[in-house]
Amino acid sequence: MSVLLPHHDGSPLHVSHEAPRIGDVVTVRLRVPVGYGPLVAVCTRSTPDHEPEWTRATRLGVVGGWEWWEAPITVGNPRHGYRFALQHADGRLEWLNQSGIHHLETLDAEDFALVANAAPPAWLRAAVGYQVFPDRFARSAHADERPSPDWALPVCWSDPVDPVMPARATQFYGGDLDGIIEKLDHLSGLGVNLLYLTPIFPAASNHRYDASSFDRVDPLLGGDEAYIRLVEAAHARGIRVIGDLTSNHSGDRHEWFQAAYGHPGAPEAEFYYFTGADNVEYECWLGAKRLPKFDWSSEELRRRFITGEDSVVKKWLQPPFNADGWRVDVANMTGRLGAVDLNAEVRLMLRETMLALNPDAILLGESTNDATSDLQGDGWHGAMTYPAFTRPLWGWLSEPNGEPYLNAQGEEETDPWFFGIPIGGIPRYTARDFAAAVTRFTAGIPWRVRLGNMQSLDSHDTGRFATNAAPGAVPVAVGLSMTMPGVPMLFAGDEFGLVGIDGETSRTPIPWDQKSSPPVAERIALYRDLVALRRNHAVLGAGGMRWLHVDDSALLFVRESADESVLVLAARDGADAALPPGALPGVAAARPLFGDAVLDGAEDGSGHVSASGASFAAWSLPGVPLPGVRA
């Protein structure tokens, strides 16, 4: 039997204003299950200017088996943390923060947080993203007219990916932007409404993260005109487009670096960390000499890259290009080197520049490990980050097959690839472990920023989840990506059932000729149905989240709003979960949305959920009733 606990999150059910200004008063609400106390008092504890401040909550009443309390908080800082203190009749004191309920005092870093900065664009909450690696997505007839570049190893679309250097970075399939335009109806058919392109600037690799210029689109992709055509065609279908920008480094062929290399007096010399008087030795990304690192103390670099009227950041967000935002590569390392840490300055500068230019543009940063310190609402709207969803999901829903593969150096590996961790392969987690990891890595992130984090099963930098997925686990994983807080992000080819052990072999050219084959058609239909689930129920984008039941095999949670709630089951090996009275007000009126699991709900808000084998299911319920509000 599941145990009901007091609950609060950053959703509109519990917070009156998601984007207050400093000095504004925000009302926060707490829900306590009837019978949990009795409670004699509830307070909030904030720390404006790092000094405790208390407000006493007022009891609103009881509805649907829950007792509601609310309290005012005056926002004192750009990130204003708060927690709840609950006093029981027997004198016990408990604390509620984003990591849960505690009888000991808790860390300020895990408090709920109000963010006094401009809110993310509203459209981000309704977004379902699709990531395209341009060289491998689709090739138009125009590509045949272009000669291969000097760095490339040309291959045919049907040739296998070579994971060993140098082919790893130089195999050239010739996908282009007009090829993407020709396949936009495929994206529309899936229901996605956000297209994320990895870099489109000229470079000396197939991945293009070693840009030789930020001022033009790679002619191999069709140049500037093809990009304009792509954005216009996507917008006509209701699909927004964001680019990929490397703020940590350029390529060594970049015009700025070429002007500075060996020329100590050049204006561009201050853009990089040259370590010798002759400007031929320099700092670079993880020892890769082809990727010289930017020195963000340079005011001229800041002007050319971000703040100037003709800056890189501004150019592509304005006519005639009109992109809808940026995903920033290696955002976690940007501006950081040894004792230097300019990261906050850079991300604030990016955000302020984009806000002034286009308040509807989004800014997402790559931060592949614990991103908490950088995700406090001052810069990034969200992040591509893996420990809060992707890695624990792999650990729970994978069944490694142990097949050998070659790494970048041509050495044979037998431990499955797992996000660059050199030992141990894919860990073996339970559903309980998955839920604990999600809580751990989101507890320090403000709710509204968490809603902007990319919810990916995989990406161009990882193996594909399906490679080692346990039997029946793909629908469970895709379903979770569509229903948990965050922005679902498909990596092109996942809907074709593609596999790949690591971040190179996952970059397989899309086999468009197989789209109608029964296995591929079935997988595409699965993605289409689950994207529709996300798109058709706004609560899955903006609603709150409450865990209901977690055991080793299965988990149940509910996404909630005043208008609708959606109950979600995810199980690897079946489910048998009983919910106590009051767990789900309105559950007796639940309507199945997806899956074959069985839900028996009663008028008192209790219920029972059962399923056999790997299962994903969802049900629609009435919205959450509030005291004093008519249904």
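This is a short walk through one predicted protein model, going from the whole chain to its interior and then to two single residues.

Let me begin with the chain as a whole, which has 15 helices and 33 strands. Its C-alpha atoms fill a box of roughly 75 × 55 × 45 Å, when the box is taken along the principal axes. For a compact globule of 631 residues one would expect a radius of gyration near 25 Å, and because the chain has 25 Å, the two agree. Of the 631 residues, 60% count as buried, and among the contacts with a separation of 6 or more, 70% are accounted for by residues 24 or more positions apart.

On the outside, the accessible surface comes to about 23,800 Å², and 52% of that surface belongs to carbon and sulfur atoms. As for charge, the chain has 51 positive and 80 negative charges, and the mean positions of the two sets are 4 Å apart.

Turning to the interior, it may help to recall that in soluble globular proteins nonpolar side chains tend to be buried together. Here the largest nonpolar core has 131 residues, and those with the most contacts inside it are L195, Y227 and L480. Apart from that core lies another, of 26 residues, with L4, L579, L584 and V624 among them.

Which residues does L480 touch, once its neighbours within four places in sequence are left aside? The contacts of L480 are F389, L393, W396, F434, L555, F557, A570 and F616. L480 is also one of the buried residues of helix α13, as are A473 and M482. That helix covers residues 473-483, and 10 of its 11 residues are buried, so α13 is largely enclosed by the rest of the structure.

I would like to finish with two loop residues, the first of which is W151, in the loop between α1 (134-137) and β11 (153-154). Is W151 buried or exposed? Its relative accessibility is 11%, and because buried means under 20%, W151 counts as buried. Beyond its neighbours within four places in sequence, W151 is in contact with several residues, including A169, T170, F172, L220 and R253. T170 is 19 residues away from W151 along the chain, yet their C-alpha atoms are separated by 6.5 Å.

The other residue is G287, which has its place in the loop between β15 (284-285) and β16 (288-292). With a relative accessible area of 57%, G287 is exposed, because that value is over 50%. Between the C-alpha atoms of G287 and R428 there are 32 Å in space, the two residues being 141 residues apart in sequence.

Note on methods
Residues are numbered from 1 along each chain as its sequence is written. Side-chain values use heavy atoms; hydrogens and water are left out. Helices (H or I, at least four residues) and strands (E, at least two) are DSSP runs, numbered from the N terminus. Buried means under 20% relative accessible area, exposed over 50%, partly exposed in between (1.4 Å probe, protein chains only). The radius of gyration is taken over C-alpha atoms; the globule rule is 2.2 Å times the number of residues to the power 0.38. Contact means heavy atoms within 4.5 Å. Accessible areas come from the Shrake-Rupley method with a 1.4 Å probe; for residues, only the protein chains shown count as cover. Lys and Arg count as positive and Asp and Glu as negative; His and the chain ends are not counted. The place of a charge is taken as NZ of Lys, CZ of Arg, CG of Asp or CD of Glu. A nonpolar core is a set of buried Ala, Val, Leu, Ile, Met, Phe, Trp, Tyr and Cys residues joined through side-chain atoms within 4.5 Å.
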